[in-house]
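Here is a set of short questions and answers on one protein chain. Work through them with the structure in view.

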Amino acid sequence: MARLVREMMSTEPICLTSTTTLIDVATQRSKYDIGDVLITENDRIVGVITDRDIVIRALAAGRDPASTTAGDIASRDLVMLRPDDALDHAVDLMREHAVRRLPVCQDGRPIGMISIGDLAIERDRHSALADISAAAANH
């Protein structure tokens, strides 16, 4: 039987609103040691902020992180998974859309995240990516 996303996803994703400043986004990313932050309105996912969004859409564009909001730079073309999707489907979506993390939603509400590192650990525990993904953060 195929393994399911719910078996590998991290739960309780960090969700912020569109009005959150990039300084606060960065603070939450650091506090929780996470890669992506989900942007929600009325408990529904409306965007995601990645490292690339912050660097390309904010810093490289000369925007002030104290006044630029999550809503100003969030990626809005979302690719999402359901908890009962197969892990193979997660891999296919990551390949197709060239993304490293995907939000997991149920009835439009974010309930988790799954990363390429999670999938590497599941698929080949001895791969370099699995080793890196399982290692403690180097702050």
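Q: Which residue follows α4 and has a positive phi, near 50°?
A: This is a predicted model. Helix α4 covers residues 87–97. Just after α4 comes a residue whose phi is positive, near 50°. That residue is Ala98.

Q: Why do the buried residues of α4 line one face of the helix, and within what arc do they fall?
A: The buried residues of α4 are Leu87, Ala90, Val91, Leu93 and Met94. An α-helix has 3.6 residues a turn, so residues three or four places apart point the same way. Seen down the axis of α4, the buried residues line one face because they fall within an arc of 165°.

Q: Which residues on the other side of α4 are exposed?
A: One face of α4 holds its buried residues, among them Leu87 and Val91. Now turn to the other side of the helix. The exposed residues there are Arg95 and Glu96.

Q: Which residue in the turn of the β5 and β6 hairpin has a positive phi?
A: Strands β5 (residues 101–106) and β6 (residues 109–115) run antiparallel and are joined by six bridges. Two residues lie between them in the hairpin. The one with a positive phi of about 55° is Asp107.

Q: Which residue of β6 stands opposite Cys105?
A: Strands of a sheet pair through backbone hydrogen bonds, either parallel or antiparallel. β5 and β6 run antiparallel. Opposite Cys105, in β6, stands Pro110.

Q: What is the strand order of the open sheet with antiparallel pairing?
A: This sheet has three strands. β1 (10–11) and β5 are its edge strands, and each pairs on one side only. β1 is joined to β6 by two bridges, and the bridge partner of Ser10 in β6 is Met113. The order is β1-β6-β5.

Q: Which strands stand at the edges of the open sheet with mixed pairing?
A: The order in this three-stranded sheet is β2-β3-β4. Each edge strand has a single partner, so one side of each is left without a neighbour in the sheet. The edge strands are β2 (15–16) and β4.

Q: What is the bridge partner of Leu16 in β3?
A: β2 and β3 pair in the parallel sense. Two bridges hold this pairing. In β3, the partner of Leu16 is Ile39.

Q: Is Asp43 buried or exposed?
A: Asp43 lies in the loop between β3 (37–41) and β4 (44–49). Its relative accessible area is 53%. The cut-off for exposed is over 50%, so Asp43 counts as exposed.

Q: How many Å apart in space are Asp43 and Cys15?
A: In sequence, Asp43 and Cys15 are 28 residues apart. Asp43 also touches Gly108, Arg109 and Pro110, not counting residues up to four places away in sequence. From C-alpha to C-alpha, Asp43 and Cys15 are apart by 8.8 Å.

Q: What is the area of the nonpolar surface patch made by Val55, Ile56 and Leu59?
A: Val55 lies in helix α2 (residues 51–59). Val55 is partly exposed, with a relative accessible area of 44%. Together with Ile56 and Leu59, Val55 makes a nonpolar surface patch of about 260 Å².

Q: How many helices and strands are in the chain?
A: Read along the sequence, the pattern is β-β-α-β-β-α-α-α-β-β-α-α. Of the 139 residues, 39% count as buried. The chain has six helices and six strands.

Key. Residues numbered from 1 in each chain as written. Predicted model: local features only at pLDDT ≥ 70, side-chain atom pairs only at ≥ 80, totals over all residues. Heavy atoms only, no water. Buried < 20%, exposed > 50% of the residue type's maximum accessible area, 1.4 Å probe, protein only. Helix = DSSP H or I, 4+ residues; strand = E, 2+ residues; numbered from the N terminus. Arc of directions from axis to C-beta. Contact = heavy atoms within 4.5 Å. Patch = residues over 30% accessible without salt bridge, like charges linked within 9 Å, V, L, I, M, F, W, Y side chains within 5 Å. Areas by Shrake-Rupley, 256 points an atom, 1.4 Å probe, with all protein chains shown as cover. Salt bridge = Lys/Arg side-chain N within 4 Å of Asp/Glu carboxyl O. Pairing = 2+ DSSP bridges.
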